[in-house]
Amino acid sequence: MKLEIRQVSKNYRGNKRALQNFTLTLEPGIHGLLGPNGAGKSTLMNILATLTRPSAGTVLWNGVDISRHPDGLRRVLGYLPQDFGVYPNLTAVEFLEYLAAVKGLDRATARRRIEELLNLLNLHAVRNRAIGGFSGGMKQRVGIAQALLNDPQLLIVDEPTAGLDPEERVRFRNLLTELPGDRIVILSTHIVSDVEATASQIALISDGLLLAHSTPEVLVATAEGHAWECLVPTAALGSLRQRYIISGTIRKGDGVQVRLLASQRPSEFGDAILAAAPTLEDAYLIAMAKMRNGRGVAA
């Protein structure tokens with residue numbers, strides 16, 4: 001099972017380029033696609049879901065070009081788009097039965113699969129309630145249920161935790177990691193903690209370009225020696241933000257505990273600044289800064 005993205009570009013009207021020569025190969029596992037809003041993530045997801053065609057390049061599913069022969073992928077695809085709409089007056093069961101029919105599942109298979117998913121996603125107790133009365137987290141669980149109806153080999157979820165409260169976000173991340181079966185899962189998000197908690201491989205994207213693709217551990221290692229912490233007066237925080245990437249602050253009684261990113265130890269703080277263990281968020285912020293200014297973080 002393999003998904004190959006080869007030199008894919010996508011141009012929109014007005015010569016706006018959403019993707020530029022994007023190349024990536026994915027095999028079974030959970031893959032995080034991490035980048036800021038407007039980076040091209042949703043465009044790529046729409047191409048992979050066969051909803052739009054690339055302007056250049058190809059996408060191969062097990063060696064078959066999905067632009068020329070989309071049906072082979074569509075039969076094994078599960079997709080939860082960023083803007084997932086529901087029919088608010090339908091119950092959870094009615095909605096899933098409708099989408100099962102759209103996907104071509106026979107009645108017996110659909111009934112069995114819906115029961116499995118209602119139990120898996122902790123929706124069985126509300127199966128006969130109208131979806132319009134569901135919380136955001138419950139609607140997202142219905143969304144992942146519809147994406148899993150055909151037991152997909154390729155599962156795409158685009159910004160699945162946007163708008164969810166912290167508890168629902170954690171529950172959704174746990175759900176992804178506990179999904180049964182051997183499949184390729186693509187989690188597209190701008191939230192670092194979502195991919196950090198779930199993905200075994202992470203691709204960083206900005207301005208339609210692939211910046212890096214590796215394991216979380218390797219990406220974190222790229223930030224080694226770049227993270228620093230020190231206590232500064234509250235009044236100094238504004239000027240620090242102009243010179244450094246500030247990745248975290250904690251208010252204290254005698255000032256602000258600041259976490260900043262710099263390629264060398266900032267000399268202005270003397271012995272008061274200490275090296276900190278790097279995080280995935282540090283690596284992400286450094287990669288984005290290099291993309292914006294064509295060089296490393298502030299020295």
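Accessible areas here come from the Shrake-Rupley method with a 1.4 Å probe. On that basis, the protein chain of this predicted model has an accessible surface of about 14,400 Å², and carbon and sulfur atoms account for 48% of that surface.

**The whole chain**

Begin with the entire protein chain in view. Its C-alpha atoms fill a box of roughly 70 × 45 × 35 Å along the principal axes. A cartoon representation should show ten helices and 14 strands. Of the 299 residues, 48% are buried. Contacts across the sequence are also worth noting: among those between residues at least 6 apart, 69% join residues at least 24 apart. If the charged side chains are coloured by sign, there are 33 positive and 29 negative charges, and the mean positions of the two sets are 6 Å apart.

**Stop 1: Gln7 in β1**

Select Gln7, which lies in strand β1 (residues 3-12). Gln7 is not a glycine, yet its phi is positive, at about 50°. Most residues other than glycine have a negative phi. The relative accessible area of Gln7 is 45%, so this residue is classed as partly exposed.

**Stop 2: Thr50, after α1**

Next, select Thr50, in the loop between α1 (41-48) and β4 (56-61). Thr50 also has a positive phi, of about 65°, without being a glycine. Is Thr50 buried or exposed? Its relative accessibility is 14%, and because the limit for a buried residue is under 20%, Thr50 counts as buried.

**Stop 3: strands β6 and β7**

Display the side chains of β6, residues 77-80. In a regular strand, side chains alternate between the two faces of the sheet. In β6, Leu77 and Tyr79 are on one side and Gly78 and Leu80 on the other; all four are buried, and both faces of the strand are covered. Now add β7 (residues 154-158), which pairs with β6 in the parallel sense over four bridges. Which residue of β7 is the bridge partner of Leu80? The partner is Val157.

**Stop 4: Arg183, after α6**

Move to Arg183, which is found in the loop between α6 (166-177) and β8 (184-189). Although an arginine is counted among the positive residues, Arg183 has a relative accessibility of 7% and therefore counts as buried. Two polar interactions of its side chain can be displayed here. The side chain of Asp151 makes a polar contact of 3.3 Å with that of Arg183. The backbone oxygen of Pro152 is reached by the Arg183 side chain at 2.6 Å. To see the wider surroundings, show the residues in contact with Arg183 beyond four places in sequence; among them are Met1, Pro28, Gly29, Leu148, Gln153 and Leu155. Leu155 belongs to the residue range of β7, the strand visited at the previous stop.

**Stop 5: Gly208, between β9 and β10**

Finally, select Gly208, in the loop between β9 (201-206) and β10 (209-214). Its relative accessibility is 0%, so Gly208 counts as buried. Which residues does Gly208 touch, leaving out those up to four places away in sequence? They are Ala18, Leu19, Gln20, Phe22 and Ala39. A distance label between the C-alpha atoms of Gly208 and Lys10 should read 8.7 Å, although the two residues are 198 apart in sequence. Lys10 falls within the residue range of β1, the strand in which Gln7 was selected at the start of the tour.

Key. Residues are numbered from 1 along each chain as its sequence is written. This is a predicted model: local features need pLDDT of at least 70, side-chain atom pairs count only at pLDDT 80 or more; totals for chains, interfaces and linings use all residues. Side-chain values use heavy atoms; hydrogens and water are left out. Helices (H or I, at least four residues) and strands (E, at least two) are DSSP runs, numbered from the N terminus. Buried means under 20% relative accessible area, exposed over 50%, partly exposed in between (1.4 Å probe, protein chains only). Contact means heavy atoms within 4.5 Å. The place of a charge is taken as NZ of Lys, CZ of Arg, CG of Asp or CD of Glu. A polar contact is a pair of N or O atoms within 3.5 Å; within protein, one must be able to donate a hydrogen and the other to accept it, and residues adjacent in sequence count only if both atoms are side-chain atoms. Two strands pair if DSSP finds at least two bridges between them.
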